[in-house]
Amino acid sequence: MMPSSRVVVMLSGGGSNLQALIDATASPAFPAKIVGVISDRPDAYGLQRAAQSDIPSRCVERDHYATRTEFEHALARAIADFDPDFVLLAGFMRILRGDLPDRYAGRMLNIHPSLLPRHKGLDTHQRAIDAGDIAHGCTVHFVTRELDAGPALIQARLDIADTTNAEQLAAQVLKLEHKIYPLALRWLAEARVELTSNGITLDRIELPEPVVMDADGLDC
Ligand code: GRF
């Protein structure tokens with residue numbers, strides 16, 4: 001059996017994605033374990049989720065550092081202290097402008113609540129409705145220096161019903177996130193996925209596009 005990969009999860013809020021990852025990795029057969037959680041906010045509920053599962057955590061607050069660079073250095077040290085193989089951003093509401101994405105190139109993922117490249121940034125659900133999109137969903141992608149623009153690995157999609165409001169859509173999408181993020185981590189930890197200079201390979205075959213999963217197929 002391959003040794004378990006070490007994973008750090010970074011968050012700023014509720015941490016429902018962290019919980020999905022905790023639940024998935026609790027199985028002894030899962031090829032990764034969460035060794036640390038990092039938050040930039042002391043009141044993030046995700047920190048309590050970590051504590052409930054006996055996962056060590058650190059809080060690195062932006063206000064405690066004079067400059068963004070010093071803040072990012074502190075983040076880098078906190079991550080390195082956990083000695084992770086992979087770093088997963090799960091609702092981490094800070095843009096990383098320094099060299100962290102380069103340092104963890106091919107080993108840092110993010111989950112974003114839209115079908116990227118549509119609706120980068122915030123308020124994605126309302127924007128999808130306002131744009132008249134017929135489909136919406138979420139994307140797991142590799143993190144690069146450009147916000148929400150790294151190569152996409154998996155997407156989950158659903159049809160937007162005429163009557164759905166942004167809040168309902170957010171809840172539907174979050175359920176999809178909880179399915180695909182653990183799956184993406186599994187693929188990464190099993191070394192089935194690699195980020196190359198040409199893009200992503202899955203089982204050594206180049207992915208021209210992200211793997212797209214339908215909400216029905218994911219039981220959501
Ligand atoms: C999710 O919608 C995720 O896609 C986005 O932030 C939200 C975090 O939710 N990046 P949670 O804290 O995991 O519940």
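**Strand 1, the nonpolar cores and the ligand site**

In this predicted model, strand 1 (residues 5-11) is mostly covered, with 6 of its 7 residues buried. Strand 1 runs parallel to strand 2 (residues 32-39), and 7 bridges join the two. One of the residues involved is Leu11, whose bridge partner in strand 2 is Ser39.

Val9 links this part of the fold to the interior. Beyond its neighbours within four places in sequence, Val9 is in contact with Leu18, Leu21, Ile34, Gly36, Val37, Ile38, Leu88 and Ala90. Val9 also belongs to the largest nonpolar core, which holds 44 residues. Within that core, Val9, Val37, Leu88 and Ile180 touch the most other members. Helix 6 (residues 166-189) is the main contributor, giving 10 residues. A second core is separate and has 20 residues, including Ala76, Leu89, Leu96 and Val143. In soluble globular proteins, nonpolar side chains tend to be buried together.

The ligand is surrounded by Gly14, Gly15, Ser16, Asn17, Gly91, Ile111, His112, Pro113, Leu174 and Glu177. Polar atoms of the protein approach the ligand from both backbone and side chain. A polar backbone atom of Asn17 lies 2.8 Å from a ligand oxygen. A ligand nitrogen is 3.1 Å from a backbone N or O atom of Ile111. Glu177 uses its side chain: one of its N or O atoms there is 2.8 Å from an oxygen atom of the ligand. Taken alone, the ligand exposes 370 Å², and the protein buries 80% of that area.

Methods: Residues are numbered from 1 along each chain as its sequence is written. This is a predicted model: local features need pLDDT of at least 70, side-chain atom pairs count only at pLDDT 80 or more; totals for chains, interfaces and linings use all residues. Side-chain values use heavy atoms; hydrogens and water are left out. A nonpolar core is a set of buried Ala, Val, Leu, Ile, Met, Phe, Trp, Tyr and Cys residues joined through side-chain atoms within 4.5 Å. Buried means under 20% relative accessible area, exposed over 50%, partly exposed in between (1.4 Å probe, protein chains only). Helices (H or I, at least four residues) and strands (E, at least two) are DSSP runs, numbered from the N terminus. Contact means heavy atoms within 4.5 Å. A residue is near a molecule or strand if one of its heavy atoms lies within 4 Å of it. A polar contact is a pair of N or O atoms within 3.5 Å; within protein, one must be able to donate a hydrogen and the other to accept it, and residues adjacent in sequence count only if both atoms are side-chain atoms. Accessible areas come from the Shrake-Rupley method with a 1.4 Å probe; for residues, only the protein chains shown count as cover. Two strands pair if DSSP finds at least two bridges between them.
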